[in-house]
Structure formats: structure tokens, C-alpha cells
Amino acid sequence: MVCYSCLAVGIAVLTLAAFLLKRWLQADGDLTLLWAERWGKKPEKELPGKVVWVTGASSGIGEELSYQLAKIGSLLVLSARRENELERVKKKCLEISSLNDKDILIVPLDLTNRDTHQSATNTVLKHFGKIDVLVNNGGRSQRSLFMDTQIDVYRAIMELNYLGTISLTKYVLDHMTQRKKGKIVTMNSVMGIMGAPLATGYCASKHALQGFFNSLRPELYEYPDISVINICPGPVQSQIIQNVFTEEIPKVNKNVGDQSHKMRTDRCARLTLVSIANDIMEAWVSDNPYLAVCYLWQYAPTWAWWLLNRLGKTRIQNFKSGVDADVSYYKKSS
Ligand SMILES: NC(=O)c1ccc[n+]([C@@H]2O[C@H](COP(=O)([O-])OP(=O)(O)OC[C@H]3O[C@@H](n4cnc5c(N)ncnc54)[C@H](OP(=O)(O)O)[C@@H]3O)[C@@H](O)[C@H]2O)c1
């Protein structure tokens, strides 16, 4: 005999499961992040009037973050090495917002030149009197096989992505602990969670940052109003592939390829602002299939390693034959 109520419950459960699966496949962030985007605090309410220092503001994600922050009325500190590019970003920020010239401070900064980080912090404090948010965004990726890469390249990656970031954080955190308030935001990567061939040094630097900030957070237990936020994007449209480290420090990557399959820069910046407004400790900002791999890496690492070995082989073969590794990797895996 058919139990109609059981049948109805079964159909409802299957429909819900199908709906959730579809939503999950279309997701471009982890569940906490997307929940916060819909129901949580709005960046437009949380960030106006806040002093936000963005490193790596001269291109890519940092540039777009600066535009979105300017539009919602945050006061900005723009840092990177190329001052002329920072002037261009500042000009556009002023055009698209109601900020005044004095609301945006340019502080040229080389993250690898750690001797300058204290004076840069003092310059910001002299101008604005406080720093509410530091966005550690400046950094470079890598495209080379370990066995072909000089060890100097590994040193340079760690100097920039890891030591440069924690050095600036130290000076800014000194101010934030005195104020008992602030947010330290770091643009990590899904490569701070998983591994990827051709990026051994980059992955190591992002894993180092992940370990560092996840350990710093509990050290700040006496400062409940200081938050440590790690953003982990998957592939995002930017200048990152043009600027990657290769086998040797002076060698430039010429194989840039198509970026159209990557997440749009404005979407990555928006989800970053949502994470900042809601103090999300770790946010995965990525489309599928990379988002699915993050879940796999977190909850079923043995399967993740098996998958990575298979996909990684294709990626390396493409790289060796001169095809852009990312695009063909994506096409094969999607
Ligand atoms: N795009 C992605 O797919 C992706 C994915 C995950 C994570 N990320 C992370 O996002 C962050 C931003 O990268 P992006 O994708 O926007 O790449 P990008 O367009 O190449 O921007 C990198 C920024 O870092 C700055 N920078 C490089 N070397 C520096 C140094 N020595 N000192 C100070 N600033 C330096 C660059 O400015 P100057 O050259 O003017 O110094 C530039 O503003 C990086 O940390 C990256 O690891 C990117």
C-alpha cells in the first residue's frame, strides 16, 4: 500500500536537495559568505568614514577595492610601488565618489623594503590619526616548475607575500592594539588552502600567511574588537598572470592567455567588502569548480589529492607545450 504522506515528504526532500545542489553549483562563495551577503551587515553601513589602507592598490583586485570603497565613502590610503598608477587610481576614485583630495592619501610602498614600513605607518597616522582597516593585498604569483626554478625566486616570493605582509601588519597592529579596535584583512588565495603545480613557492607563501593569521587571531583574545580576516579567492581577472614570478627573477611571463573564465574583479571586491563588514574569519571567494575543490580539500583531502594529481598532470603538460596553464586547466576540468 502506498503511503501518500511518505511519498510527499520524499518528493519535498528531493526537490529541496535538487534546489540546494543547483544553488551550490552556481555559488561564487562559501555558504557563510553568501549568507552574510544576503542577510548580514552591509558594507555601505559599516565602512563609510573608516580609514582603509589598501596595499597593491595600483592594479587588479586592490584597484577595484579602492573604487568600491571610495564609492561608499571610506577614507583611503593607496599603496604600491608605482606612484603614477596610484595617482591614476586616486583620480578615478575622486571622479566616482564624493571624497575630497585630502580623503585619499597616496603612500608609495615596496612591501619587500621592510625598513620603510614603520615610517609609512606613521605617515598614515599623521594624516588621518587612525587606521580602521588594513587590507594586505599586494603580492605576486608564480608560474614555474620547482626543479627549473632558482632558489632566489623562492626567497623573493616569501619576502614579498609573507614577510612584507606580516611586517606591515606588525606596525599597523601596534596602533590597533593601542586603540583596541581594527580589522586586519589579508588577500590570501584558494592556494592558501590547497596545492597547485607550477606554484610551489606561491602556495607556500599563502599557506604561511594562512598559518600566521590563524595563529595571530587567538593571540588577540584580549582585543575582541580587532578582527583578523582571510580572503581566499580563486582565479580573478587582474594583472596577476603578467606579473608572476618565473624560473628566474628577471624573467617575465609572456604566456598570459585569456582571462574571461575568471571571476570578475568587481565581484571579488564586493565579496571582500561583505567579508570585512561581517568580520568573516575565512572567506572563499570563488566560482566552481574551484569552490568545490576547496570543500573537497577541507573535508575529503585524500580525494582532493587524487584529483589534483590528475588535473595537475594536464596543467603541467599544457605549460610545457606552451599553452596557458590556467585556461586549458579550467576547460579540461569544467
Ligand atoms: N587574481 C587572482 O586570480 C588572485 C587569486 C587569489 C589571490 N590573489 C591575490 O590578490 C592579491 C592582488 O593580486 P591581483 O590579482 O590584483 O594582481 P595584480 O593585478 O598583479 O596586482 C598586484 C598588486 O601588488 C602590488 N605589488 C607587487 N609587488 C609589490 C611590492 N614589492 N610592494 C608593494 N606592492 C607590490 C602591485 O603594485 P606595484 O607593481 O605598483 O607595486 C599591484 O598593485 C595578491 O595578493 C594575490 O596573491 C589573486
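Here's a quick briefing on the ligand site, the helix packing and two backbone oddities in this structure.

It's a predicted model, with local features needing pLDDT of at least 70 and side-chain atom pairs counting only at pLDDT 80 or more, while totals for chains, interfaces and linings use all residues. Residues are numbered from 1 along each chain as its sequence is written, and side-chain values use heavy atoms, with hydrogens and water left out.

**Around the ligand**

- The ligand has 29 residues around it, where "around" means having a heavy atom within 4 Å of the molecule.
- S59, R81, R82, Y202 and S238 come nearest.
- By class, that shell has 12 nonpolar, 13 polar and 4 charged residues. Here Ala, Val, Leu, Ile, Met, Phe, Trp, Tyr, Cys and Pro count as nonpolar, Asp, Glu, Lys and Arg as charged, and the others, Gly among them, as polar.
- Helices α4 (60-71) and α8 (200-219) each chip in at least two residues of the shell. Helices are DSSP runs of H or I with at least four residues, strands are E runs of at least two, and both are numbered from the N terminus.

**Polar contacts to the ligand**

- A polar contact here is a pair of N or O atoms within 3.5 Å; within protein, one must be able to donate a hydrogen and the other to accept it, and residues adjacent in sequence count only if both atoms are side-chain atoms.
- S58 puts a polar side-chain atom 2.8 Å from a ligand oxygen.
- I61 uses its backbone instead, with an N or O atom 2.8 Å from an oxygen of the ligand.
- For R82, a side-chain N or O atom sits 2.7 Å from a ligand oxygen.
- On its own the ligand exposes 880 Å², and the protein buries 96% of that (Shrake-Rupley areas with a 1.4 Å probe).

**Helix packing**

- Helix α7 (residues 151-179) packs on α8 at an angle of about 20°, axes 8 Å apart. That makes the pair roughly parallel, a label for angles under 35 degrees.
- The axes of α6 (residues 117-128) and α7 come within 9 Å and cross at roughly 40°, so these two helices are oblique to each other.

**Backbone oddities**

- Most residues other than glycine have a negative phi, and most peptide bonds are trans.
- L198 isn't a glycine, yet its phi is positive at about 75°; you'll find L198 in the loop between β5 (182-187) and α8.
- The N288 to P289 peptide bond is cis, with omega near 15°, and P289 is in the loop between β7 (282-285) and α10 (290-299).

Note on methods
Axes fitted to C-alpha atoms, helices over the stretch in contact; angles between N-to-C directions. Parallel < 35°, antiparallel > 145°, perpendicular 65-115°, else oblique.
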